Amino acid sequence: MSETPGERPVPELIDDRPAGMLRAVAGDEVIGHIQYLVLETPEAALAPVHTIVDPGHEGQGVGSALAAEFYAMADREGVAVAPLCPYVARWAERHPDQAAPASGELLAAARAKVAEDPALW
């Protein structure tokens, strides 16, 4: 984690696309992650399904950093976000300047994809 004087430490955020994970890493410890899936239809999109923060790091902005990076990552790739994860959906509502809303069709497609194999999620 890096730290600026007067600010809380910021974890390194690492996208592991093959595993469908955006991880927050402090040193050699994963302190949080967003598990997500990639959609191709009805449009290219990333769909966060779960956000988990290690209990010892809750309240330190890890979840918010993950959500912000998730939307930034999608923006860099030019794809939409279909937030199925309640935490990410609430974060998006609070940050409309950083998180464009997903269409109903895109959210339905993401839910259908999760329903194909709910044991994965």
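**Reading a predicted fold**

Half of the contacts with a separation of 6 or more, 50%, join residues 24 or more positions apart in the protein.

Q: What share of the contacts with a separation of 6 or more comes from residues 24 or more positions apart?
A: The model is a predicted one. In it, such residues account for 50% of those contacts. A single pair of C-alpha atoms can be looked at too: Gly-78 and Ala-45 are 33 residues apart along the chain, and their C-alpha atoms are separated by 8.7 Å.

Q: Which pattern does the protein follow along the sequence?
A: The pattern reads β-β-β-β-α-β-α-α. In total, the secondary structure comes to three helices and five strands.

Q: How is the radius of gyration to be read for 121 residues?
A: The value is set against what a compact globule of that length would have, near 14 Å; the protein has 14 Å, so the two agree. The extents of the C-alpha trace add the proportions: along the principal axes it spans about 45 × 35 × 20 Å.

Q: What percentage of the 121 residues is buried?
A: Buried residues make up 36% of them. As for the surface, the accessible area comes to about 6700 Å², and carbon and sulfur atoms hold 52% of it.

Q: Is Thr-51 buried or exposed?
A: Buried means under 20% relative accessible area. Thr-51 has 19% relative accessibility and therefore counts as buried. This residue lies in strand β4, residues 45-53. Leaving aside neighbours within four places in sequence, Thr-51 is in contact with His-33, Ile-34, Cys-85, Tyr-87 and Val-88.

Q: Is Gly-78 buried or exposed?
A: The cut-off for exposed is over 50%. Gly-78 counts as exposed because its relative accessibility is 66%. Gly-78 lies in the loop between α1 (62-77) and β5 (80-81).

Q: How many positive and negative charges does the protein have, and how far apart are their mean positions?
A: There are 8 positive and 19 negative charges, and their mean positions are 4 Å apart.

Q: Where is confidence lowest and where is it highest among the helices and strands?
A: Helix α3 (residues 104-116) is lowest, at a mean pLDDT of 95, and β5 is highest, at 98. Over the protein the pLDDT averages 91, and 92% of the residues score at least 70. Over residues 1-6, however, the pLDDT is below 50. Beyond near neighbours in sequence, that stretch has 11 contacts in the model.

Q: How should predicted coordinates be read where pLDDT is low?
A: They should not be read in detail.

Notes:
Residues numbered from 1 in each chain as written. Predicted model: local features only at pLDDT ≥ 70, side-chain atom pairs only at ≥ 80, totals over all residues. Heavy atoms only, no water. Helix = DSSP H or I, 4+ residues; strand = E, 2+ residues; numbered from the N terminus. Buried < 20%, exposed > 50% of the residue type's maximum accessible area, 1.4 Å probe, protein only. Rg over C-alpha atoms; globule rule 2.2 N^0.38 Å. Contact = heavy atoms within 4.5 Å. Areas by Shrake-Rupley, 256 points an atom, 1.4 Å probe, with all protein chains shown as cover. Lys, Arg positive; Asp, Glu negative; His and termini not counted. Charge placed at Lys NZ, Arg CZ, Asp CG, Glu CD. pLDDT = per-residue confidence, 0-100.
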